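Visitor: I am new to reading protein structures, and I would like to go through this one step by step.
Guide: Let us look at the picture together, and ask about one part at a time.

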Amino acid sequence: MYRRCIRGLTAAAALLAISLAPFGAKAEDKPTLVRLGIINAASSATLWAFPDLAAKYNLQFQEVTFQRYADARTALAAGDIDISNIGPQDIALALNQGVKSIVALAGTASGGNCLAVRKDETITDWQQLRGKTIGIGAGSISWLMFAASVADHDIDYNSLKIINIFGAGTTFTKAMQDKQIDLMVAWQPFCAQAVIGGYGAYPGIDHTKSKEVDGLDGIFVSTRSFMTAHPDAVDRVVKAYVELVNRFQTHHDEWTKVYAEKTGIEPQLAAESVKDATLHYTFSADQMVKMAKFLFDSGIIQRDVSGEIRQNIDYRPLMAATGQTEAELGGGTH
């Protein structure tokens, strides 16, 4: 009788341990290590909060911070990180270089790319760009949005007075303060910094609504090798990601707080930076195809990779996490 009681208690304890195991994991599983790339931007608040849910989803995150999407794309292509946020144009840029290992899983945000005009200049119409000195974040999604919008308004991009700016976004603000540029084509918090600093203002034009390039700031991606080796972990990562996006959508102040703490900027600047931004996990496959075609037609990439884009998009983990269809999540028409 004693032995039967012991066996019964042991079995009950085992069942309890299984019931308390993290989401998607067996009780004896070790946490899956995920090498996580994070861009130093407002839309990365969800990624910075991943460690909060690590135990719940039986994951362990090793964080690597990047200043530019291009650097994260390079690290993904080299296999140095497993998951990251990058620009929606980066799939096409990678394919142009023969890199087919990066797969889009979700969207990140819209509204984080911006324009700022020098305080003593006025730009309320696209035609007023002529003669202005324009600082461009070379290769950025903000630049691509701007180039597509210029084309929409029948302006020859090469006729504009463009200064390509590389490196950190602080180069934009210094150039505007020194009156070297009249308009910056950048991303937050640098436009907000110019506005709060009193030497810049938001112009009366919007570069996030072109036909070929919409306002999507970034995409959430993984590598084929990680997805093949850890398919269940990918599902858990995307499930955690969706939970965090929903959390920050509901609690905007929490998003602002995480953003300020992780980047070291002032809370006022963080709040100004995200006031018109929206976090979301949806993204349009059709728009990414159009973007790739625009990159080729404009001579920015040498191969038309638009027909390959959908092969580097996988909505299945996001569908499992949300219960929504591919079409509802942005898969759209083919």
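**A walk through the sheet and its helices**

Visitor: In what order do the 5 strands of the open sheet lie?
Guide: This is a predicted model, and in it 5 strands come together as an open sheet whose pairing is mixed. Read across the sheet, the order of the strands is 8-7-9-6-10.

Visitor: Which strands stand at the edges of that sheet?
Guide: A strand at an edge has a single partner strand, so one of its sides is left without a neighbour in the sheet. In this sheet, that is the position of strand 8 (161-165) and strand 10 (200-201).

Visitor: Do strand 6 and strand 10 run parallel or antiparallel?
Guide: Strands of a sheet pair through backbone hydrogen bonds, and the pairing can be parallel or antiparallel. Strand 6, which covers residues 113-118, is joined to strand 10 by 2 bridges. In these bridges Val 117 has Ala 201 as its partner, while Arg 118 stands opposite Gly 200. The direction of strand 6 and strand 10 is antiparallel.

Visitor: How many bridges join strand 6 to strand 9?
Guide: Strand 6 and strand 9 run antiparallel. Among the facing residues, Ala 116 stands opposite Met 184 of strand 9, and Cys 114 has Ala 186 of strand 9 as its bridge partner. The number of bridges that join strand 6 to strand 9 is 5.

Visitor: And how many bridges join strand 7 to strand 9?
Guide: Strand 7 and strand 9 run parallel, and one of the facing pairs has Ile 134 opposite Leu 183 of strand 9. The number of bridges between strand 7 and strand 9 is 3.

Visitor: How many residues of strand 9 are buried?
Guide: Looking at one side of strand 9, we find Leu 183, Val 185 and Trp 187, and on the other side Met 184 and Ala 186, all of them buried, so that both faces of the strand are covered. For strand 6 the count of buried residues is 6 of 6, so strand 6 is largely enclosed by the rest of the structure. For strand 9, which is mostly covered, the count is 5 of 5.

Visitor: At about what angle to strand 9 does helix 5 run?
Guide: Helix 5, made of residues 141-152, lies across strand 6, strand 7 (133-137), strand 8 and strand 9 (183-187). Helix 7, made of residues 190-197, lies across strand 6, strand 9 and strand 10, and runs at about 130° to strand 9. For helix 5, the angle to strand 9 is about 130°.

Visitor: Are helix 5 and helix 12 roughly parallel or roughly perpendicular to each other?
Guide: Helix 5 packs against helix 12 (residues 285-297) at an angle of about 75°, with the axes 12 Å apart. Since angles of 65 to 115 degrees count as roughly perpendicular, that is the word for this pair: helix 5 and helix 12 are roughly perpendicular.

Visitor: Which residues of helix 12 make the contact with helix 5?
Guide: On the side of helix 5, the contact is made by Ile 141, Leu 144, Ala 147, Ala 148 and Ala 151. Sorted by class, this contact has 8 nonpolar, no polar and no charged residues. The residues of helix 12 that take part are Met 291, Phe 294 and Leu 295.

Visitor: Is the crossing of helix 10 and helix 11 left-handed or right-handed?
Guide: The axes of helix 10 (residues 252-263) and helix 11 (residues 267-274) come within 9 Å and cross at roughly 125°, and the two helices are therefore oblique to each other. The handedness of their crossing is right-handed.

Visitor: How many nonpolar residues does the contact of helix 10 with helix 11 have?
Guide: Helix 10 brings His 252, Trp 255, Thr 256, Tyr 259 and Ala 260 to the contact, and helix 11 brings Pro 267, Ala 270, Ala 271, Ser 273 and Val 274. By class, 3 of the residues are polar and none is charged, and the number of nonpolar residues is 7.

Visitor: Does Asp 304 count as buried or partly exposed?
Guide: Asp 304 is found in the loop between helix 12 and helix 13 (316-322). Leaving aside neighbours within four places in sequence, Asp 304 is in contact with Lys 293 and Phe 296. Because its relative accessibility is 34%, Asp 304 counts as partly exposed.

Methods
Residues are numbered from 1 along each chain as its sequence is written. This is a predicted model: local features need pLDDT of at least 70, side-chain atom pairs count only at pLDDT 80 or more; totals for chains, interfaces and linings use all residues. Side-chain values use heavy atoms; hydrogens and water are left out. Two strands pair if DSSP finds at least two bridges between them. Helices (H or I, at least four residues) and strands (E, at least two) are DSSP runs, numbered from the N terminus. Contact means heavy atoms within 4.5 Å. Axes are lines fitted to C-alpha atoms, for helices over the stretch in contact, and angles run from 0 to 180 degrees between N-to-C directions. Angles under 35 degrees count as roughly parallel, over 145 as roughly antiparallel, 65 to 115 as roughly perpendicular and the rest as oblique. A crossing is left-handed if the near helix is turned anticlockwise from the far one by less than a right angle, and right-handed if clockwise. Ala, Val, Leu, Ile, Met, Phe, Trp, Tyr, Cys and Pro count as nonpolar, Asp, Glu, Lys and Arg as charged, and the others, Gly among them, as polar. Buried means under 20% relative accessible area, exposed over 50%, partly exposed in between (1.4 Å probe, protein chains only).
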